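Here are my notes on this one, jotted down while going through the model. Have a look at it first, then read on.

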Amino acid sequence: MNFETLVFYLFAAMSVFAALRVITVRNPVYAALFLVLAFFSMAGIWLLLEAEFLAITLVLVYVGAVMVLFLFVVMMLDVDLVQLREGFWRWFPFGVVLAAIMVFEMVMVLGARQTSETGVHLAKHAADYSNTKELGRLVYTDYVYPFELAAVLLLVAIVAAIALTLRRRKDVKSQNVAQQIAARREDNVRMVQMPAEKKGSVAGNQESEKA
Amino acid sequence: MALLQTIQQMGQGLLGAAWLPVWTVVKILVIVLPIMGTVAYLTLAERKILGWMQVRPGPNRVGPWGLLQPLADGIKLLLKEVIIPANSSKYLFLAAPVLALAPALAAWAVIPFDDGMALADVNAGLLYILAITSLGVYGIIIAGWASNSKYAFLGALRSLAQIVSYELAMGFALVCVLLAAQSMNMGDIVRGQQSQYGLLGWYFIPLFPMFVVYFIAGVAETNRAPFDLAEDESVIVAGFHTEYSGMGFALFFLAEYANMILISALTSVMFLGGWLSPVPFLPNSIIWLLVKMSFFLFLFLWFRATFPRYRYDQLMRLGWKVFIPLTLIWVAVVAAWMQTPLWLW
């Protein structure tokens with residue numbers, strides 16, 4: 001067993017363990033953190049497959065942004081764990097059936113001759129091979145239409161999500177920054193001429209005010 | 001250089017295949033130990049400079065001119081008790097400072113200090129930097145949540161929203177750099193800025209708005225004044241590290257300062273030509289990188305001494321309504337500019 005295989009088994013074991021803990025751990029915050037660990041180990045496996053762009057993007061997008069927002073929400077929720085576990089046994093048979101179907105489908109896809117025997121013995125690339133460059137070239141030439149289509153779909157999804165959740169409030173106190181910056185001293189400050197105070201006691205001051 | 005080669009050969013002869021990990025660990029130590037030393041003396045520099053700007057001497061009791069002050073601070077923090085709050089989740093509470101510090105150090109792996117002088121000269125270096133620096137936020141949010149304290153949690157939420165917002169602007173600014181350099185290799189980015197006109201070849205000229213945005217976003221990313229709302233001591237005590245004492249607090253402190261040094265190094269490498277000399281008649285050297293980094297570190301301290309803290313909505317406005325549109329437009333401008341003969345870089 002060479003070093004690479006050892007690293008693969010390490011990452012594989014870590015991701016399986018983390019994935020299992022995601023669904024078995026009680027506290028949702030821990031579950032989200034285990035999901036982060038699962039993503040991280042998968043990124044390690046992708047690196048072993050020489051897909052460094054996908055691996056780093058997985059960390060950047062899913063670990064660095066998506067899971068952070070997940071944690072943000074999960075931490076602020078007041079989750080009642082007892083209520084969450086209610087009805088577990090009632091839905092258990094349904095879950096088992098669903099899981100069995102999914103396992104069957106996965107075996108069909110991954111175990112089929114066409115997919116299982118292609119690309120097993122890929123040649124290793126030299127050190128100067130840039131996976132990022134290759135991917136970029138393919139995405140912007142051969143697959144430019146599907147890629148642009150996916151981009152437009154995502155844009156529509158963003159616009160729709162914002163439009164659905166945006167609520168305009170009338171009484172919101174926002175400041176007009178342009179107006180603030182454009183403010184001049186003359187607009188807000190009034191210079192008041194005042195005679196100089198005479199040297200003396202407090203009584204002296206009162207006298208000068210009368211005058 | 002000859003000495004290094006002799007050491008390499010000797011090591012290989014002695015240890016064989018095990019030499020590579022040993023040599024890598026040596027290189028890591030050569031990078032990390034000076035960073036730790038810089039962090040220690042950056043704290044002293046900060047207190048001295050803040051002092052001078054406020055017309056007071058700053059720390060001057062421990063050692064000559066207060067030079068041993070960081071050492072005294074370190075010993076003090078080491079000897080303090082680590083208090084774990086009641087009803088906190090203990091493991092996460094103890095893991096959080098480590099999670100904050102680890103990315104700040106791991107990012108140094110791809111920083112080129114001189115031509116060919118980097119721990120890992122990888123092609124996707126810039127992407128790696130983006131990914132690793134985006135992990136620093138975990139330390140802060142886990143600290144805030146695990147402390148089981150209102151102030152810590154509020155600080156963590158603030159910090160999280162702030163870092164996620166400014167990361168976008170930073171990412172887009174770096175997209176401009178990789179457009180200009182046509183490479184994500186950090187060494188190639190610096191080499192792309194080499195020209196016979198010295199500093200006129202550096203990317204801060206065509207990418208000037210990005211240079212400014214990147215550094216300001218960097219100040220916000222590191223939770224430094226005037227964007228230090230995550231620890232806003234006048235409102236939420238000390239923010240996410242309210243409950244930390246002793247070494248836990250020290251690790252957060254180390255992480256913050258290591259991040260400052262990292263942002264300074266990145267800004268120097270991306271926009272100010274890293275190890276390149278500003279004038280053609282002087283040789284390129286690592287000293288230039290250190291000078292540029294010191295300048296940015298001084299800016300960090302200068303900002304802290306002179307700017308009042310932002311209000312939270314002002315911070316969000318600056319990130320979302322000013323920086324992100326500006327960076328998006330500049331990506332398009334640079335991409336179009338590069339297609340014309342007017343692009344000289």
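1. A word on terms before the loops come up: helices here are DSSP runs of H or I with at least four residues, numbered from the N terminus. By that count, B:Val55 sits in the loop between helix H2 (19-53) and helix H3 (69-79) of chain B. Its phi is positive, about 55 degrees, although B:Val55 is not a glycine. B:Val55 has 6 other C-beta atoms within 10 Å, so it is exposed, the cut-off for that being 12 or fewer.

2. Keep in mind that this is a predicted model. The predictor gives the complex an ipTM of 0.81 and a pTM of 0.83. Chain B has a mean pLDDT of 85, with 99% of its residues at 70 or more. Among the elements of chain B, the lowest mean pLDDT (73) belongs to helix H1 (residues 2-15) and the highest (90) to helix H9 (residues 208-221).

3. B:Asn148 also has a positive phi without being a glycine, near 55 degrees. You'll find B:Asn148 in the loop between helix H6 (136-146) and helix H7 (150-181) of chain B. It counts as partly exposed, with 15 C-beta neighbours inside 10 Å.

4. Now helix H10 (residues 246-271) of chain B: its 26 residues reach 38 Å from first C-alpha to last, close to the 38 Å expected. Of those 26 residues, 22 are buried, so H10(B) is largely enclosed by the rest of the structure. After H10(B) comes B:Gly273, with a positive phi near 70 degrees.

5. On the interface, 16 residues of chain A are in contact with 15 of chain B. Helix H3 (residues 52-76) of chain A supplies the largest share of the chain A side, 12 residues. That side divides into 12 nonpolar, 3 polar and 1 charged.

Definitions and conventions. Residues are numbered from 1 along each chain as its sequence is written. Chains are lettered from A and ligands numbered from 1 in the order in which they are written. This is a predicted model: local features need pLDDT of at least 70, side-chain atom pairs count only at pLDDT 80 or more; totals for chains, interfaces and linings use all residues. Helices (H or I, at least four residues) and strands (E, at least two) are DSSP runs, numbered from the N terminus. The expected span of a helix is 1.5 Å times one less than its number of residues. A residue is buried if 20 or more other C-beta atoms lie within 10 Å of its own, exposed if 12 or fewer, and partly exposed in between; C-beta atoms are placed from the backbone. Two residues are in contact if their C-beta atoms, placed from the backbone, lie within 7 Å. Ala, Val, Leu, Ile, Met, Phe, Trp, Tyr, Cys and Pro count as nonpolar, Asp, Glu, Lys and Arg as charged, and the others, Gly among them, as polar. pLDDT is the predictor's confidence in each residue, from 0 to 100.
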